[in-house]
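Please open the structure in your viewer and keep the selection tool at hand. The tour below moves from one selection to the next and says what is to be found at each stop.

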Amino acid sequence: MITDDVSNESKLRRPKQNIPSASTALLLGAILGIIETLLLVLLAEPLLSLMGVKFGSPMLLPAHKYLTLRSLGAPALLLSLAMQGVFRGFKDTRTLLYATVAGDVANIILDAILIFACNLGVSGAAIAHVLSQ
């Protein structure tokens, strides 16, 4: 009897695995995220101009604030994408679903708090999005 319980328990546990490609993906995601953040912060105005926000437009300042603040979340976003690939490789899409739902719920709550309660407007939306990532 005891051996059946032990064998079933050992089948349920997965041994820890060392997967170099997962570590490489996470490292590469972090590095590319930092580079992306730097490029978006340094090239915000030319990028906004390319998107149609012209110099002197009343939308330039809020768009610049939003882009700059949102760019701070680039490393987290790319790390998240790398982790999604790792979990898909393990065929564990349930964890991805839970993480995505938790992030979305956090974003909704933080949007309400930062935009309306703290009166941060567009900056609050960007901060909420970065924090929820």
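Start by selecting helix α2, residues 20–42, together with helix α5, residues 74–89, which in this predicted model pack at an angle of about 155° with their axes 7 Å apart. Because angles over 145 degrees count as roughly antiparallel, this angle makes α2 roughly antiparallel to α5. If you turn the view so that one helix lies in front of the other, the crossing in which α2 passes α5 is right-handed. Two packed helices are described by the angle between their axes and the distance between the axes.

Now show the side chains along this contact. On the α2 side, select A22, A25, L26, G29, A30, L32, G33, I34, E36 and T37, and on the α5 side select A74, P75, L78, L79, A82, M83 and V86, which they meet. Sorted by class, this contact of α2 with α5 has 13 nonpolar, 3 polar and 1 charged residues.

Before going further, step back to the whole chain. The protein has 7 helices and 0 strands, and its elements run α-α-α-α-α-α-α from the N terminus on. Of its 133 residues, 20% count as buried. If you consider contacts between residues at least 6 apart in sequence, 60% of them join residues at least 24 apart.

Next, look for the nonpolar interior. Which residues make up the largest nonpolar core? Select L40, A44, L48, V53, L60, A63 and L67, the 7 residues of which this core consists. Helices α3, residues 44–50, and α4, residues 60–71, each supply at least two residues of the core, and α4 gives the largest share, with 3 residues. In soluble globular proteins, nonpolar side chains tend to be buried together.

Stay with α4 and select S71, which lies in that helix. Is S71 buried or exposed? With a relative accessible area of 2%, S71 is buried, since the cut-off for a buried residue is under 20%. Leaving aside neighbours within four places in sequence, S71 is in contact with T37, L40 and V41. Two of these names have come up on the tour already: T37 in the contact of α2 with α5, and L40 in the largest nonpolar core.

From here, select L42, which lies in helix α2 and is exposed, with a relative accessible area of 65%. Add T68 to the selection and compare positions: the C-alpha atoms of L42 and T68 are separated by 8.8 Å, although the two residues are 26 residues apart along the chain. Then move to L43, whose place is in the loop between α2 and α3. At 40% relative accessibility, L43 counts as partly exposed, and its C-alpha atom is separated by 9.6 Å from that of T68, which is 25 residues away along the chain.

The next stops concern backbone angles. Most residues other than glycine have a negative phi. Select K91, in the loop between α5 and α6, the latter being residues 93–117, and check the backbone there: K91 has a positive phi of about 60° although it is not a glycine. K91 counts as exposed, at 76% relative accessibility.

Where does N119 lie? Its place is in the loop between α6 and α7, the latter being residues 121–132. Phi of N119 is near 55°, which is again a positive value in a residue other than glycine, and at 66% relative accessibility N119 counts as exposed.

Finish with the helices on either side of that loop by selecting α6 and α7, whose axes come within 8 Å and cross at roughly 155°. This angle makes α6 roughly antiparallel to α7, and the crossing of the two helices is right-handed. To see the contact itself, show G103, A106, N107, L110, D111, L114 and I115 of α6 alongside G121, G124, A125, I127, A128, H129, L131 and S132 of α7. By class, the contact of α6 with α7 has 8 nonpolar, 6 polar and 1 charged residues, which you can set beside the 13 nonpolar, 3 polar and 1 charged residues of the contact between α2 and α5.

Definitions and conventions:
Residues numbered from 1 in each chain as written. Predicted model: local features only at pLDDT ≥ 70, side-chain atom pairs only at ≥ 80, totals over all residues. Heavy atoms only, no water. Axes fitted to C-alpha atoms, helices over the stretch in contact; angles between N-to-C directions. Helix = DSSP H or I, 4+ residues; strand = E, 2+ residues; numbered from the N terminus. Parallel < 35°, antiparallel > 145°, perpendicular 65-115°, else oblique. Left-handed = near helix turned anticlockwise from the far one by under 90°. Contact = heavy atoms within 4.5 Å. Nonpolar A, V, L, I, M, F, W, Y, C, P; charged D, E, K, R; others polar. Core = buried A, V, L, I, M, F, W, Y, C linked by side-chain atoms within 4.5 Å. Buried < 20%, exposed > 50% of the residue type's maximum accessible area, 1.4 Å probe, protein only.
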